[in-house]
Amino acid sequence: MFCSLYTGTDYSEGTLRNKIAVGHSRRSVYVSNLIVNVVAISVAYSIYLLVALCVGLPFLGTFRQLAGKEILVLVICAYAAMAAFADVFTLIIMINSNPITALGINLCIVIVSLCFAIHQLNLPTDVMFWTDAMATRREMTLFLLDFLPGSQIMDFYALKDGLGNFNPGVMLGGSVFFIALSTVVGLMVFRRKDLN
């Protein structure tokens, strides 16, 4: 919501047009909005983690299943997934000047990606999934669980039930891929976008 409404307000109030008129390049405007959105999502996620730790540690105790290094890698992967989501959200709002439409598209992206992840996480619970005949599908499913940002988020929560895959290299690679792809596409489209 923050990404859509924050940047969408710049469109509706003419702020983006004014920034371009006073000499800022479209690239710098896009990147500055992207940075603000990534920082905002990271701050919101940090607050969530802090509250979850403050509430969870007294009831559940310390981390027993993961070592300190694994927890650090998990947190880095989570922040990378959040940055990937922020980048995709920024792309949508920067190419769509209507904040409500962009908000709807962004919410649909989140819902579809999380539903896809839930579906993918249910596959490993099927006995047939682990047969030799399903080896290719199994590898593809486990790869997508680590590669797609929405699946990464669900993968983090599934770790506690023993369902998550947790391959940090693929997770970080997927996040970096989506960050790079959406930034390049966003810059290319926003360069030609009519701001009126």
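Which residues lie nearest the centre of the second largest pocket? The legends below take up this question and others for a predicted model.

**Figure 1. Overview of the predicted chain and its helices.** The chain holds eight helices and zero strands, and its elements, followed from the N terminus on, run α-α-α-α-α-α-α-α. Of its 196 residues, 38% count as buried, while the chain as a whole exposes about 11100 Å², of which carbon and sulfur atoms supply 71%. Among the contacts in the chain with a separation of 6 or more, 73% are accounted for by residues 24 or more positions apart.

**Figure 2. Close-up of the second largest pocket and its lining.** Ile41, Met82, Phe85, Phe89 and Val110 are the residues that lie nearest the centre of this pocket, out of 19 that line it. The elements that give two or more residues to the lining are helix 1 (2-12), helix 3, helix 4 (68-95), helix 5 (99-122) and helix 7 (149-158). The space in the second largest pocket comes to about 470 Å³. By residue class, the lining divides into 17 nonpolar residues and two polar ones, with no charged residue.

**Figure 3. Close-up of arginine 26 in helix 3.** Arginine 26 is found in helix 3, which spans residues 26-60, and this helix is also among the elements that give two or more residues to the lining of the second largest pocket. Because its relative accessible area of 24% falls between the limits of 20% for buried and 50% for exposed, arginine 26 counts as partly exposed. A polar atom of the arginine 26 side chain lies 2.8 Å from the backbone oxygen of phenylalanine 190, a distance that falls within the 3.5 Å cut-off for a polar contact. Arginine 26 is also 9.6 Å from lysine 193 in space, C-alpha to C-alpha, although 167 residues separate the two in sequence.

**Figure 4. Close-up of valine 189 in helix 8.** Valine 189 is found in helix 8, which covers residues 168-192. With a relative accessibility of 34%, valine 189 is neither under the 20% limit for buried residues nor over the 50% limit for exposed ones, and it therefore counts as partly exposed. Valine 189 and methionine 94 are 95 residues apart in sequence, yet their C-alpha atoms are 8.6 Å apart in space.

Technical notes: Residues are numbered from 1 along each chain as its sequence is written. This is a predicted model: local features need pLDDT of at least 70, side-chain atom pairs count only at pLDDT 80 or more; totals for chains, interfaces and linings use all residues. Side-chain values use heavy atoms; hydrogens and water are left out. Helices (H or I, at least four residues) and strands (E, at least two) are DSSP runs, numbered from the N terminus. Buried means under 20% relative accessible area, exposed over 50%, partly exposed in between (1.4 Å probe, protein chains only). A polar contact is a pair of N or O atoms within 3.5 Å; within protein, one must be able to donate a hydrogen and the other to accept it, and residues adjacent in sequence count only if both atoms are side-chain atoms. On a 1 Å grid over the protein atoms alone, a cavity is a set of points where a 1.4 Å probe fits but cannot get out, and a pocket is an open set with protein on both sides within 12 Å along at least five of seven lines; lining residues have an atom within 4 Å of a point. Grid points are joined across faces, edges and corners, and a volume is the space filled by probe spheres set on the points. Ala, Val, Leu, Ile, Met, Phe, Trp, Tyr, Cys and Pro count as nonpolar, Asp, Glu, Lys and Arg as charged, and the others, Gly among them, as polar. Contact means heavy atoms within 4.5 Å. Accessible areas come from the Shrake-Rupley method with a 1.4 Å probe; for residues, only the protein chains shown count as cover.
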